[in-house]
Structures are given as C-alpha cells and as structure tokens.
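Biologist: Could you take me through one helix of this model, and the cysteines too? I would like a close look, with the reasoning spelled out.

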Amino acid sequence: MDKNDELKGFFESPFAGDYINCNDYLVRKSVSGIYASCELLSELAEKRGGKNERELIGGIMTACCELMRNAELSRALTAPVHEEQELTTLRTDTFLRSFAESCQAASGGRCTVRTGELCISYVRTDRDTLRFLLLSFVRRHILGSESENREFTVECGENAKNIEIKISASGTFVDFDDFGQPDIFSGYPRQVCDGLAERAGARAVLGDNCLTVEIPLPDGNSGIPVEAPSPVRENGFFDPFNVMLRDLSEGK
C-alpha cells in the first residue's frame, strides 16, 4: 500500500473519524476559551499601555493558530467529498488577488505573492479548502527557503474543460520532510494536496516549485451565475491565512 492509499484509508476509517472529531472538538473548545480570555486581557493592556503584555498575548494567539492548523486540516480531510450543490461559486481573478494580499499580510513580510495573468471565470468549489490547498504550498516553501522574503506568483487560465490555477515559487527549495516544525502539511505534501483538492472538487498537480489546481468548468460552459460571493476573509482571527502563516511571521 503506497502513502496515498494509506492516508486515504486512515482518514476514511470509522475509528479515525471519531478520534479526529473528538480531538477537533477539544481543540476548538479550548482555543475559543483562550481567545475569549485574550480579548479581555487585550482590553486591559490597552487601557494600561502595557506593551509587554500585548506582545505576550500576541504570542498566545499565535500558538492558538498552530493548534488550529492541524485541526482544520483533519476536518478537511475527514469531511465527505462535497456534492456539487454544496459547493460555492467564486470568481477566479478577485479570489486570487485577495489571496495574494492576505498571504502577505498574515505572513508579516515572510512572502510576497504577485499576480500574473488572471482570467475572469466562475467555478464551483469549497472556498476555504481551496485556500488551505494553496496555502499548504506557500507554507512549505517559506519553511524550506533561506530567504527572509519568499516570492510567489499566482495566475490562472481557462481551457475547454477546466480552470487552471497555478502558484509558483521563485528561488531554490530545500526538500526536507521536517523543517523543525513537524506537521502533516510538511511531512505528507502530496497526500495533503490530493486530499484537499478532492474535497475542493479539483485535481492537484504538485511539482518542485509549483502547484497547479484544475477545477472543472460548469457543465455546458454556460452556467455563469448572475452573482458570485465576494472573496472576503472569513472566520475572523482564525481564518486560513492566520492559521497557516501567522506563526511564520513570529520567527522572522
């Protein structure tokens, strides 16, 4: 059994599902409590002008993002593959521009994401799962780079059947399984990409310095919606960008 089948079999087993759900509940409950306490402490620190206190609170919140990272991945990989009606519509050019801006903000300058040629197309996908898929590539390459500012380019194009979103990293990449911050994203990059892509209704092709995500166009290539939701950063503080990149800004 290869790693792909092994990982797929694990996440689809009833025991793994129950185990991950229990851990997911405990992590989210604990993080919610810590976050609420930190908000109260932040208000007190602001009133008293405590810079050191605010820095300590920021460190606690970053640690919470690290806890949430594997919890979010586990939930994404154990969730059933979405039916078409459960997916949402996004516009590719606005989604990717927002993605580029949010990466730079969350990483605290550890990466620069430029946009290349962007087609204006509408696709059906799971928005956050697609974000996690692209961010898993960004995170891995930041960790594997000696540069303080890793540069990426994201672009998309359309063919007869698919929208192709491509994100590329410039420079050299050191392909280690463990960058000193072991997690599933770094240890099993191809399996993670395949699992997330499947749940986003897509197909992922991972290369050394690029990731291509192929998302099928609507049937008949004529079902362009009248209105698509805007690509805002959802989920408040624990959105995919902070969960995946905030801790990297701390080590700058």
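Modeller: Happy to; here is helix H4, followed by the cysteines and a word on confidence. Please keep in mind that this is a predicted model. Helix H4 covers residues 92-107, which makes 16 residues. At 1.5 Å a residue they should span 22 Å, and the end C-alpha atoms are indeed 22 Å apart, so the expected and modelled spans agree. Among the buried residues of H4 are Phe 95, Leu 96, Phe 99, Ala 100 and Ala 106. Polar names appear in that buried list as well, including Thr 92, Asp 93, Ser 98, Ser 102 and Ser 107. Just after H4 comes Gly 108, with a positive phi of about 60 degrees.

Cys 103 is another buried residue of H4, and it brings us to the sulfurs. The cysteine sulfur closest to that of Cys 111 belongs to Cys 103, but the gap is 5.3 Å, too far for a bond. Since a disulfide needs the two sulfur atoms within 2.5 Å, this pair does not qualify. Cys 111 itself is buried, at 2% relative accessibility. Elsewhere, Cys 38 has its closest cysteine sulfur in Cys 64, 6.0 Å away, which is again too far for a bond. Cys 38 is buried too, with a relative accessible area of 4%. Searching the whole structure turns up zero disulfides.

As for confidence, the chain has a mean pLDDT of 82, with 80% of its residues at 70 or more. Confidence is lowest in helix H1 (residues 3-12), where the mean is 66, and highest in strand S5 (residues 162-169), at 96.

Definitions and conventions: Residues are numbered from 1 along each chain as its sequence is written. This is a predicted model: local features need pLDDT of at least 70, side-chain atom pairs count only at pLDDT 80 or more; totals for chains, interfaces and linings use all residues. Side-chain values use heavy atoms; hydrogens and water are left out. Buried means under 20% relative accessible area, exposed over 50%, partly exposed in between (1.4 Å probe, protein chains only). Helices (H or I, at least four residues) and strands (E, at least two) are DSSP runs, numbered from the N terminus. The expected span of a helix is 1.5 Å times one less than its number of residues. pLDDT is the predictor's confidence in each residue, from 0 to 100.
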